[in-house]
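Reader: I am new to this structure and would like a close look at a single part of it, taken slowly and with its surroundings explained. Please choose one chain and connect what you say about it to its partner.

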Amino acid sequence: MIENSAELLEKSLTLPLTHLVNLERPLSLQDYITAGGYVGAKKALHELSPKEVLDIVSDSNLKGRGGAGFPTGMKWSCVPMFEEADENAPKYKYLVCNADEMEPGTFKDRMLLEGVPHQLVEAMIISAFTIGANRAYIFLRGEYHLSAKRLQKAIDEAYADNWLGENIQDTNFMLDLYVHTSAGRYICGEETALINALEGKRANPRAKPPFPQVSGLFGKPTVVNNVETLSNIPHIIKHGAQWFKDLSPNSDAGTKIYAACGRVKNPGLWELPMGVTIRELLYTHAGGMQDGLNLKGLLPGGASTDFLLPEHLDTPMDYDSIGKAGSRLGTGGLIVLDDKNCPVAMVLNLLKFFAQESCGWCTPCRDGTPWAVELLSRIEQGQGKMEDLDSLADLCDFMWLGKTHCALAPGAVEPLKSALRYFKEDFEQHIEQGCCSYSSAEKGNGHGAATGKDDDSKDENCEDIRCEDIGNGGHAHG
Amino acid sequence: MQIIKTVTPDYRDYLSAEEVAEIEHEVSIMETRESAGIEALKVVQSYRDWISDDSLNAIAQLLAISPAQLEGVATFYNLIYRQPVGRFVIHICDSISCHLNDYQSVLTAIKNHLKIDYGQTTTDGMFTLLSNVCLGGCDKAPVMMIGENHYQQLTAEKAIAILNGLRQDPEQATANIEVEHD
């Protein structure tokens, strides 16, 4: 199943994260080692000190791939280090892998978890060694059942082969690694909420400072890193910081797993050098828009990023460039809006998500997101007023950074605020005409017909006054 | 000394030995008993399909935390059921990629076929219908999850065929998911 070695080596140097991905049948420990795995871990444990590993990671310019883009080396460098005999040393430090991938439109980590679980195990060994952690958890979203099984299998193999447990590979380093499966709540992806969830508490985010690196899980130093971030580590240690920087032609180092979804011809995932343009991603890799559809806008990195427009197509998909264009790289997954899908309905769908997933801790988010849903629903149903647009703009201010407990509400603001700006005409048209102009006939996919039960509410001037089944979203729980 | 008899139920009278053993394993890999809360709820739910008040009280007693604290955890999560559910819980993804790819027509077809709305269970106790946030199958939208299986690239017809298949052969749902690598 392993291709010839020259081809494999070439791929390992250009597609480090995905060259060993096999979604049908992920590599066993032995096959992973045969393919060049655990070389980075061996090098770190046998040839390097934790400080030297940290320096290599810092030099590599690796930035967090979970959405925030914080430099990984800097995050790790905040963890207090202790001499072995130091009485003040805590019993444990913790490394936690954030595999709670729940950002709508994001599905990259799933490929790494299902396709090459040993890569993550190796990454966590090296990373835990670097920060001096002896216990590590993979915080996995509950819906990824296949990932849980494959990770546990990989961990069991690693224990059996002395890559986990006591005296790993005849060194003094010991590490226990556990999979914790969550039960479905977006806010658990926020690192301090994740820590509360692991502690068995209701998963509200914590106030910072103290930062988790100093006082995290059970009050001990804790580092939380995303799956894709960690998966880079074995390759950086194996091939060096300079190799990693050279992977990308611009200021951001490495490769990135980009994605595209929505009504494009070929939705999917691609590992590409950091900084490909949106145009290349959308048209070369995702095959462009489906027949009969035109690009209206897109979210460049998941649900909590600002819309960009066709005029931004030549923007490189790196942290700085997307930032300058007015959005965020986020998770690097394009969510593509076509011209037959209603932008108001799209924003309503996004805000419903944030309203449902708000933990309820702070007022701007708990009350702001549902009110945005109410106002957007009125507009979408043709009952909106022009003042509602001002109210929505005010909400964008009330829910912005610095006024909320965590980044969830500001994440909701990003698509809302940019949509109000870029798709203003669509909002105004809904209000002026008292209906949604994206009728079922125009959508070309029977979309509007799905809301057949709303036939009574049809407006004379409109084919179909709703884009979406407003009455959805019930839950049996709570 | 007088021994005071209490009428508070003991968790050992309620939880099975298997349930207690599995929960204690989860406790053993954490620092505190309370941190096994969500895992404990999932363990009991795997045996009993949902978390009744009695289950909740028993788990809270086992973990030495208040039922109110555990309730705060249980109700926080989408996949902990605090009401009885059917044999199969259908989780329809209603997030953005599925929205753009017309999950509504799949949802409407399922509602009409099963004659239930969100939060309801069919009269034969086979299916409960719930929504789910993004299931991470955005390139193959629309998607739904039933048990441990994810079904992708759904159409109304395909979704109904899946439900009919489960009704005819309920065992197939558990047979589908296996660890493929050796």
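Author:

**Chain B and its partner**

Of the 182 residues that make up chain B, 47% count as buried. Before going further, it should be said that this is a predicted model, and the values that follow are computed from that model. The C-alpha trace of chain B spans about 70 × 40 × 30 Å along its principal axes. In secondary structure, chain B comes to 9 helices and 4 strands, and anyone reading along the sequence meets them in the pattern α-α-α-α-α-β-α-α-β-β-β-α-α. Among the contacts in chain B with a separation of 6 or more, 60% are accounted for by residues 24 or more positions apart.

The domain assignment of chain B gives domain 1, covering 11–74, and domain 2, covering 88–170. Between the C-alpha centres of domain 1 of chain B and domain 2 of chain B there are 29 Å. One local detail of the backbone deserves a pause: the peptide bond that leads from Ala141(B) to Pro142(B) is cis, with omega near -5°. Pro142(B) has its place in the loop between β2 and β3 (144–146) of chain B.

The next step is to turn to the contact between the chains, which takes 54 residues from chain B and 59 residues from chain A. On the side of chain B that touches chain A, the elements giving two or more residues are α3 (37–48), α5 (67–74), α6 (96–100), α7 (103–114) and β2 (127–132) of chain B. Sorted by class, that side of chain B has 23 nonpolar, 20 polar and 11 charged residues.

Chain A, the partner, is divided into domain 1 (5–246), domain 2 (255–338) and domain 3 (343–457). The C-alpha centres of domain 1 of chain A and domain 2 of chain A lie 27 Å apart, and the contact between these two domains takes 16 residues from domain 1 of chain A and 18 residues from domain 2 of chain A. The side of domain 1 of chain A that touches domain 2 of chain A has, by class, 6 nonpolar, 5 polar and 5 charged residues.

Chain A also has a cis peptide bond, running from Pro209(A) to Pro210(A) with omega near 0°. Pro210(A) is placed in the loop between α9 (191–198) and β4 (222–226) of chain A.

Two further residues of chain A may be read with the same care, beginning with Asn61(A), which has a positive phi of about 65° although it is not a glycine. Asn61(A) lies in the loop between α4 (50–59) and α5 (72–77) of chain A, and it counts as partly exposed because it has 19 C-beta neighbours inside 10 Å, whereas 20 or more would make a residue buried. Gln169(A), likewise a residue other than glycine, has a positive phi, near 50°, and is found in the loop between α8 (145–160) and β3 (176–181) of chain A. With 14 C-beta neighbours inside 10 Å, Gln169(A) therefore counts as partly exposed, since a residue is exposed at 12 or fewer.

Methods:
Residues numbered from 1 in each chain as written. Chains lettered and ligands numbered in written order. Predicted model: local features only at pLDDT ≥ 70, side-chain atom pairs only at ≥ 80, totals over all residues. Domains from an automatic or database assignment. Contact = placed C-beta atoms within 7 Å. Nonpolar A, V, L, I, M, F, W, Y, C, P; charged D, E, K, R; others polar.
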